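Colleague: Could you take a close look at one part of this complex for me and then work outward from there? I'd like one connected walk-through rather than a list.

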Amino acid sequence: MGGPALTRRRLVLGGAAGALSLSLSACGAPSDKTIEHETKLEPTDDDEILYGGALVAEEVLATYAVALPHLRGTQRALAERLQAQDQEHVTRLDQQLGAQFGHLLGAAARARQPVSPTPPHDADSALALLVQAEDLAIAYWIDSVPKLDRNLRSLPAAIAVNDAQHLALWRAQLRLPALSSALVEGSTT
Amino acid sequence: MTGTSRRSLLAGGALAAGLLAAAGAPAAGAAPLAGDPGLLSSALQLERLVVLGYEQLLDGGWLSGPERALARGILAQERMHARTLEDYMVEIAAPRPPAPRSAAPLQSALPGLSAVSDARSALTYAAGIEELSVYGYHSIVGPMSDDKLVQTALAILCDEGQHLAIVRERLGLDPVPSALTYGQVHPTG
């Protein structure tokens, strides 16, 4: 399956909604779990998952683009640094798609589906938007990494951890607890 | 299975064996666990060592004020990780490894605890603990089979990454020096 055949909405919303429906919170509530047999999520093609991850990362980048004009000083400098890291996520995912599946059209397909988050109106709403974007990216990977071939999980896991680190830093900037949960699952809301 | 995935599995197995050995488990005569139970067991041992490490740092009296509050908050989350993993092991009827009786195995895996003498060196050691944790969890997310277990391990991994970023920030270091966070066994700061 090639990237251009996919729709951004299907991937982003599908993955994010999946993250919600997985009841990962059950990890802390053993009575809800049954793993007498291995738990298996609905299978998804590896290339579709990686392409979806690149779409989510592009959405995060678009959020940084609308947030940056509202940030000043150290917050702006931090945003520029973390934006560059999110750009690297897109680049590395594209590289992996190319190397593993020969997909070279992913970036072009995404360019035809521009993302434009609602612009914030001040610094705090810009920070809140960044928290939401990083949360969404984490939720996508929490949902998707188990569905990936074991050989392909390393890069997405390293990206998810980095997104979680971004989330903690932005929460701190918003004067929220940086370490909000022992299980960082992301959020789609 | 590809050569790379075989390498991933071997790496995961080596890590599991190393951690178990470092923690003094399994008990004499007990066979090492294979598959998800083995990976769970090594993750649990890692968490127990991390808990011991933070307890030692707090008991040492080097941390006060916001740094002590941070360490206590992280310790609470590490204990939650350990409980979550233990619940899983109970659920799948996997034998739990004996708890390490001292922090000596941690010193073996991460030398320097005995050299801690002030708040900065305590936080530096904490950063090392988190690097080790991130590395450990990243190593087992690939080989794991059960999807919900992968999700739990990734959610814990993301939390360890957040700990690392916040501790590095308190040390005045770049909290997120790389776009891809893999952790490391022998942190260099």
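Modeller: Let's fix a cut-off before anything else: a residue is buried if 20 or more other C-beta atoms lie within 10 Å of its own, and exposed if 12 or fewer do. Keep in mind that this is a predicted model. The predictor gives the complex an ipTM of 0.86 and a pTM of 0.83.

My pick for the close look is A:Ala57, which sits in helix 2 of chain A. A:Ala57 has 26 C-beta neighbours inside 10 Å, so it counts as buried. Who surrounds it? Beyond its neighbours within four places in sequence, A:Ala57 is in contact with A:Asp86, A:His89, A:Val90, A:Leu93 and A:Ala137. Take A:Leu93: that residue is 36 residues away along the chain, yet its C-alpha atom and that of A:Ala57 are separated by 9.4 Å. As a general point, an α-helix has 3.6 residues a turn, so residues three or four places apart point the same way.

Now the helix around that alanine. Helix 2 of chain A covers residues 46-67, and those 22 residues should span 32 Å at 1.5 Å a residue; the end C-alpha atoms are 32 Å apart, so the two values agree. Helix 2 of chain A is also mostly covered, with 18 of its 22 residues buried.

For a contrast in the chain, go to A:Arg175, in the segment after helix 6 (154-173) of chain A. A:Arg175 counts as exposed because it has 8 C-beta neighbours inside 10 Å. Its phi is positive, about 65°, although it is not a glycine. For background, most residues other than glycine have a negative phi.

Chain B has a residue of that kind too. B:Ala93 lies in the loop between helix 3 and helix 4 (104-109) of chain B, and its phi is near 60°, a positive value in a residue other than glycine. With 8 other C-beta atoms within 10 Å, B:Ala93 is exposed.

Stepping back to chain B as a whole, you get 6 helices and 0 strands. Buried residues make up 50% of its 189 residues. Of the contacts in chain B with a separation of 6 or more, 72% are between residues 24 or more positions apart.

Next, the contact between the chains, which takes 42 residues from chain B and 40 residues from chain A. On the side of chain B that touches chain A, helix 1 (3-22), helix 3 (65-91), helix 5 (119-141) and helix 6 (147-170) each give two or more residues. Helix 6 of chain B supplies the largest share, 16 residues. By type, that side of chain B divides into 19 nonpolar, 17 polar and 6 charged residues.

Helix 6 of chain B deserves a few more words. Its 24 residues reach 35 Å from first C-alpha to last, close to the 34 Å expected at 1.5 Å a residue. Of those 24 residues, 21 are buried. Just after helix 6 of chain B, B:Gly172 takes a positive phi of about 80°.

Last, a word on confidence. Chain B has a mean pLDDT of 85, and 81% of its residues reach 70 or more. Still, pLDDT stays under 50 over residues 1-13 of chain B, where the model has 16 contacts beyond four places in sequence. Residues 20-29 of chain B also stay under 50, with 24 such contacts in the model.

Definitions and conventions: Residues numbered from 1 in each chain as written. Chains lettered and ligands numbered in written order. Predicted model: local features only at pLDDT ≥ 70, side-chain atom pairs only at ≥ 80, totals over all residues. Helix = DSSP H or I, 4+ residues; strand = E, 2+ residues; numbered from the N terminus. Expected span 1.5 Å × (residues − 1). Contact = placed C-beta atoms within 7 Å. Nonpolar A, V, L, I, M, F, W, Y, C, P; charged D, E, K, R; others polar. pLDDT = per-residue confidence, 0-100.
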